[in-house]
Amino acid sequence: MENQLKTEKSNMTTITEFVLLGFSDIPNSQWILFGIFLVIYLAILMCNSIIILITRINPVLQTPMYFFLNNFSFLEICYVTVTVPRMLMDLLTQKGNISLVACATQMYFVLMFGVSECLLLTAMAYDRYVAICNPLHYPLVMNHKICVQLAIASWVSGVPAVIGQTCQIFSLPFCGSNRINHFFCDIPPVLKLACGDTFLNEIAVYLAAVVFVMVPCLLIIVSYGKIIANILKISSASGRAKAFSTCSSHLIVVVLFYGTATITYLQPKPHQSEEIGKVISLFYTVFIPTLNPIIYTLRNKDIMVALRKILSQLLL
């Protein structure tokens, strides 16, 4: 028995790199996918950069709401840049080899920017709550100093937990298969390749998801419950429509992002399909960041007016 265990142990080679399978299961479509994702990535960079530019230079948009939108647009650029360029390179080279260090680094930044997005969306919900429920105190409560503090807290609060989570996962031994059926190093597919018991790691993932996904989500729900209650008290239909239009874009983004993130990180492991997980990840890492600038610009009159003004100045 002892000799058998030694033989099995010697046959288990320690993994030094992973292979991201990406979309290799879709034959003869690598170039089409490369073209689609390249166009999407460039569109995300361009649209979010335009929002950042408009909210920075237009005097009308120097308010807390657009300060947070500025941060949100920059965060979206960072978020997609962690995954999409790597995916494009893999589609171009037809290789998905990634070292453990590069994989851990990618996972860290995906998680960090994901947590930052959850917290920033919560800060944006709080801003809308104060604006609609306490309009008289709004300039005092949401002064520039408070806005900066909320933005910084959104960017850095999750860093210690994300570092701990990443280190914990990559301290596990990886042996046997090194093929990750995904287009980036996400927690669920990487954990599936770990040797030994991953129960504590899965508990840590659930706890982190509860703290950084579910708690902010509940705070947003409470904020919007009070916002909707206050909007319904407004006597005029035009007043209700105007109040709701200021927060409808944010609400759409919240539903899309939190819906997909919750499915990914709170779904029980035995019920996770790798293919479905890959599609859901595409939604919150690529497609939703593509929709966000469209949602915020088309549903926001101030940004549309500012955009038309800039375009008219450029064309003259």
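A disulfide here is a pair of cysteine sulfur atoms within 2.5 Å. I start my notes with that cut-off, since the cysteines took up most of my session.

**Ground rules**

I am looking at a predicted model, in which local features need pLDDT of at least 70 and side-chain atom pairs count only at pLDDT 80 or more, while totals for chains, interfaces and linings use all residues. Residues are numbered from 1 along each chain as its sequence is written, and side-chain values use heavy atoms, with hydrogens and water left out.

**Overall look**

I looked up the secondary structure and found twelve helices and three strands in the protein chain. Helices (H or I, at least four residues) and strands (E, at least two) are DSSP runs, numbered from the N terminus. The C-alpha trace spans about 80 × 45 × 30 Å along its principal axes. I also checked burial: of the 316 residues in the protein chain, 47% are buried. For that, buried means under 20% relative accessible area, exposed means over 50%, and partly exposed is in between (1.4 Å probe, protein chains only).

**Disulfides**

How many disulfides does the structure hold? I found two.

I took C175 and C195 to begin with, whose sulfur atoms sit 1.7 Å apart in a disulfide. The torsion about their S-S bond is about -140 degrees, so I noted this link as left-handed. It ties together distant parts of the chain: C175 lies in the loop between α7 (159–170) and β3, and C195 lies in the loop between α8 and α9 (199–233), 20 residues apart. C175 and C195 are both buried.

Next I went to C103 and C185, which are joined with an S to S distance of 2.0 Å. This link is left-handed too, with -120 degrees about the S-S bond. Again the pair bridges distant parts of the chain, with C103 in helix α4 (residues 100–133) and C185 in the loop between β3 and α8 (187–191), 82 residues apart. I checked burial here as well, and both C103 and C185 are buried.

Which pairing pattern do the bonded cysteines show in sequence order? I get 1-3, 2-4.

**Cysteines without a partner**

Why is C118 not bonded to C217? Its sulfur is 8.6 Å from the one in C217, the closest cysteine sulfur, and that is too far for a bond. C118 is buried, at a relative accessible area of 2%. I then tried C167, whose closest cysteine sulfur is in C103, 13 Å away and too far for a bond. Is C167 buried or partly exposed? At 49% relative accessibility, C167 counts as partly exposed.

**The sheet**

I traced the three strands and got an open sheet in the order β2-β1-β3, with mixed pairing. β2 (97–99) and β3 (179–180) stand at the edges with a single partner strand each, so one side of each has no neighbour in the sheet. Two strands count as paired if DSSP finds at least two bridges between them.

β1 and β2 run antiparallel and are joined by three bridges; for E17, the bridge partner in β2 is S99. On the other side, β1 (residues 17–20) pairs with β3 in the parallel sense over two bridges. There I found V19 opposite R179, and L20 partnered with I180.

**An odd backbone angle**

Q94 is not a glycine, yet I read a positive phi of about 65 degrees for it. Q94 sits in the loop between α3 (64–93) and β2. It is exposed, with a relative accessible area of 53%.

**Annotated stretches**

I pulled the UniProt annotation "transmembrane region" from an unreviewed entry, and among the stretches it covers are residues 31–54 and 203–222. UniProt positions are given in the numbering used here, feature names are shortened, and annotations may be inferred rather than shown by experiment. Residues 31–54 came out as 100% helix and 0% strand, with end C-alpha atoms 34 Å apart. Residues 203–222 are likewise 100% helix and 0% strand, and their end C-alpha atoms are 27 Å apart.

**Last check**

I closed with F199, which is in helix α9. At 49% relative accessibility, F199 counts as partly exposed.
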